[in-house]
Amino acid sequence: MKKRISLSILCMLFYVASLFFISSKQNVYDVELEINQSNYVINRVENGAYCNIPLVISNHSNRTVSTQLNINLSYHLYKVVEGQHELVSIENIRSTVSNIYPKEVKEVNMQIEVPTESGTYIVYADLIEENVTWYSEHGMLTAYTILEVY
């Protein structure tokens, strides 16, 4: 009887440990960004130097996404020239992110600086853990929108 109980306890401990091991191996960069509007037309004179693009962040990871934890929202900017995407800037202004807990979905505004030159641009939203890494470098798919500047 004691062996059966000990074996049951051992099996239960092994099961709990395996659950912990599996959950600790979850990708902490498992976050999804979605921009609902595919195209923005900006008249630089009317809107000034900045504009906001609303997007949805779905946190599928097991950790909180938050500016308080050194995780911010930013973007990469490309200009479309003769059908090719030319990099304008990787490092851009940061937008704050209030706590988005694991398995939570939240709408946030991403502030972008409107380019000084007229043209067609592609804005790729990305999360950055400051001084560590961009989330897109770990498999997070970036969301994008087209920005027409006149």
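These legends go with a set of close-up views of a predicted model.

**View 1. The whole chain, with its 2 helices and 9 strands.**
Before zooming in, here's the overall layout. Going along the sequence, the elements run α-β-β-α-β-β-β-β-β-β-β. The protein has 150 residues, and 36% of them are buried. Take the contacts with a separation of 6 or more: 74% of those join residues 24 or more positions apart. As for the outside, the accessible surface adds up to about 9,300 Å², with carbon and sulfur atoms accounting for 56% of it.

**View 2. Ser 74, a buried residue in strand 4.**
Strand 4 covers residues 71-81, and Ser 74 is part of it. Its relative accessible area is 0%, so Ser 74 counts as buried, the cut-off being under 20%. Have a look at where the side chain goes: it reaches the backbone oxygen of Ile 93 at 3.0 Å, and the backbone oxygen of Asn 92 at 3.3 Å. Setting aside residues up to four places away in sequence, Ser 74 touches Asn 92, Ile 93 and Arg 94, along with Met 110, Tyr 124, Ala 125, Asp 126 and Trp 134.

**View 3. His 76 and its polar contact with Asp 126.**
We're still in strand 4 here, as that's where His 76 lies. His 76 has a relative accessibility of 9%, which is under the 20% cut-off and therefore makes it buried. Side chain to side chain, His 76 and Asp 126 make a polar contact at 2.9 Å. Not counting neighbours within four places in sequence, the contacts of His 76 include Ser 89, Ile 90 and Asn 92, then Ile 122, Val 123 and Tyr 124. Trp 134 and Ser 136 are also among the residues that His 76 contacts. Asp 126 and Trp 134 turn up in the previous view too, as both are touched by Ser 74.

**View 4. The largest pocket, about 160 Å³ in volume.**
Its lining takes in Tyr 75, Leu 77 and Lys 79, plus Val 88, Ser 89 and Asn 92. Glu 113, Val 114, Pro 115, Thr 116, Glu 117 and Tyr 121 belong to the lining as well. Two or more lining residues come from each of strand 4 and strand 5 (84-89). Strand 4 is the top contributor, giving 3 residues. By type, the lining splits into 6 nonpolar, 3 polar and 3 charged residues. Asn 92 may look familiar: besides lining this pocket, Asn 92 offers its backbone oxygen to the side chain of Ser 74 and is in contact with His 76.

Conventions
Residues are numbered from 1 along each chain as its sequence is written. This is a predicted model: local features need pLDDT of at least 70, side-chain atom pairs count only at pLDDT 80 or more; totals for chains, interfaces and linings use all residues. Side-chain values use heavy atoms; hydrogens and water are left out. Helices (H or I, at least four residues) and strands (E, at least two) are DSSP runs, numbered from the N terminus. Buried means under 20% relative accessible area, exposed over 50%, partly exposed in between (1.4 Å probe, protein chains only). A polar contact is a pair of N or O atoms within 3.5 Å; within protein, one must be able to donate a hydrogen and the other to accept it, and residues adjacent in sequence count only if both atoms are side-chain atoms. Contact means heavy atoms within 4.5 Å. On a 1 Å grid over the protein atoms alone, a cavity is a set of points where a 1.4 Å probe fits but cannot get out, and a pocket is an open set with protein on both sides within 12 Å along at least five of seven lines; lining residues have an atom within 4 Å of a point. Grid points are joined across faces, edges and corners, and a volume is the space filled by probe spheres set on the points. Ala, Val, Leu, Ile, Met, Phe, Trp, Tyr, Cys and Pro count as nonpolar, Asp, Glu, Lys and Arg as charged, and the others, Gly among them, as polar. Accessible areas come from the Shrake-Rupley method with a 1.4 Å probe; for residues, only the protein chains shown count as cover.
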